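Visitor: I am new to reading protein models. Could you walk me through this one?

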Amino acid sequence: MTTTTPLRRHPRVVTAAILAVALAWGVGLVGLPAGAALHLSNVGLTVSAVAAGTVAVLRGRRHTGRVRLYWRRLGAASLAWGSGMAAWTGYESVRGLVVPFPSVADVGYLALPLLAGWALLTLPLAAPTRAGRARTILDGLIVASSLLLVSWMLVLDSIVSAGGDVASQAISLAYPVSDIVLITVVVYTWMRARARGARLPVALPLIGVGLLSLAVADSGFVYLTTAGAYSSGAWIDLGWGAGFVILLLAALRPGEDTEEVDEELGSSHPIGNLLPYAAVGIALLTSASEALRGGSPDVVHFWIRTTIMVLLVARQVLTLLENHSLTRDLERRVETRTAELRASGERFAALVQHSSDLVTVVDRTGAVLYQSQSSQALLGYDAEQMVGRRLADFAAPGHAAELEAVLGSIASEGGRVQ
């Protein structure tokens with residue numbers, strides 16, 4: 001079922017209005033005093049998350065099957081975060097209390113990466129070969145391990161070192177770890193879509209950017225909270241606001257209503273193939289900068305780096321196996337196609353040889369290139385005797401000049417007569 005929305009009728013106007021409101025909110029967040037910015041942030045984030053979730057759920061009504069599940073789960077993720085933000089606003093803006101940590105709001109916050117990752121995995125994408133699917137999973141694990149190494153050096157290590165009760169540490173670690181899972185699923189889904197050249201009825205680039213913005217904001221929140229420097233209305237809130245605005249625009253985006261998913265193989269995408277190595281490069285740069293500052297790697301650091309190296313070796317082995325499998329498949333297809341062409345040629349030759357019609361092929365000079373066997377019965381000349389000689393030599397007396405003129409006209413136009 002397709003419905004007409006204001007964005008479908010006036011897409012630029014509605015998009016401009018949403019962006020204008022988001023920009024005004026961001027300017028107010030930065031420019032207003034701390035007290036006013038606190039309430040503006042709480043209300044704005046609650047409204048944007050609930051709006052994005054509601055529109056996503058309604059968008060699912062225009063689809064069926066996996067695409068409907070995708071939009072519903074993505075909407076549930078935004079609504080869960082919005083409910084957590086509503087609880088936070090109730091503590092801070094309505095009752096004027098300091099929000100405890102952990103609190104009921106954390107349940108909604110932590111539900112977003114799990115539900116959003118579940119939504120992305122719902123999309124109908126699959127690698128073409130078994131080795132390709134295994135390699136794609138390894139790519140996701142490489143990205144996850146690399147991001148985990150970066151997060152450990154920048155955030156997680158300090159959280160563990162800060163101490164505290166078990167519940168607080170578990171919740172603090174759950175934020176960056178779940179964000180790593182979400183970022184990995186985003187990259188994994190993007191790589192699968194690029195590898196298949198698939199056209200999906202969803203705005204996957206917008207969704208990916210929005211979820212990445214939310215993940216980065218979550219990690220920044222945990223870092224600032226651990227350092228005792230976070231308060232509502234801080235600059236990190238801009239990441240959440242931008243993320244939900246992007247998700248809202250993706251859910252409102254028109255022109256994505258088709259249920260058909262093009263799963264034909266497209267051209268190769270070297271950027272997608274290089275993405276895991278880019279993640280490894282970022283991890284190595286972060287590790288090197290930590291070593292230059294005088295830090296010493298701990299046990300967790302060592303094992304994460306070892307895992308990355310093992311995954312890279314396994315990926316290379318799978319890449320070789322996949323290339324070998326694709327090469328054998330291509331050779332098999334070429335052999336099959338060649339056999340089909342040979343059989344077709346033989347059938348055509350048999351039809352011509354046994355046909356009662358006269359078939360003659362000559363070049364531009366009038367020399368006979370091919371002559372059917374029927375020439376013996378119709379012309380009195382053996383087919384093998386005619387091949388290589390000029391056709392005019394076999395013309396009836398008085399018609400040789402006329403035949404030469406016809407052949408000359410055809411030769412001047414670059415044609416060939418049969």
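**A guided look at the chain**

Guide: Happily! The accessible surface of the protein chain comes to about 22,200 Å², and 65% of that belongs to carbon and sulfur atoms; such areas come from the Shrake-Rupley method with a 1.4 Å probe, where for residues only the protein chains shown count as cover. This is a predicted model, in which local features need pLDDT of at least 70 and side-chain atom pairs count only at pLDDT 80 or more, while totals for chains, interfaces and linings use all residues. Residues are numbered from 1 along each chain as its sequence is written, and side-chain values use heavy atoms, leaving out hydrogens and water.

Visitor: What share of the 418 residues counts as buried?

Guide: Buried means under 20% relative accessible area, exposed over 50%, and partly exposed in between, with a 1.4 Å probe and protein chains only. Of the 418 residues in the protein chain, the buried share is 41%.

Visitor: How are the planes of W81 and Y109 arranged: stacked, edge-to-face or tilted?

Guide: Rings of Phe, Tyr and Trp (its six-membered ring) pair if their centres lie within 6.5 Å; planes under 30 degrees apart count as stacked, over 60 as edge-to-face and the rest as tilted. W81 and Y109 are 5.1 Å apart centre to centre, with 40 degrees between the planes, so the pair is tilted.

Visitor: Which helices hold W81 and Y109?

Guide: Helices are DSSP runs of H or I with at least four residues, numbered from the N terminus. The pair ties together parts 28 residues apart in sequence, because W81 lies in helix α4 (residues 65-94) and Y109 in helix α5 (residues 105-122). Both residues are buried. The helices asked for are α4 and α5.

Visitor: Over which ring does the charged end of R73 sit?

Guide: A charge sits over a ring if NZ of Lys or CZ of Arg is within 6 Å of the ring centre and within 35 degrees of the ring normal. The charged end of R73 is 3.8 Å from the centre of its ring, that of W118.

Technical notes. Helices (H or I, at least four residues) and strands (E, at least two) are DSSP runs, numbered from the N terminus.
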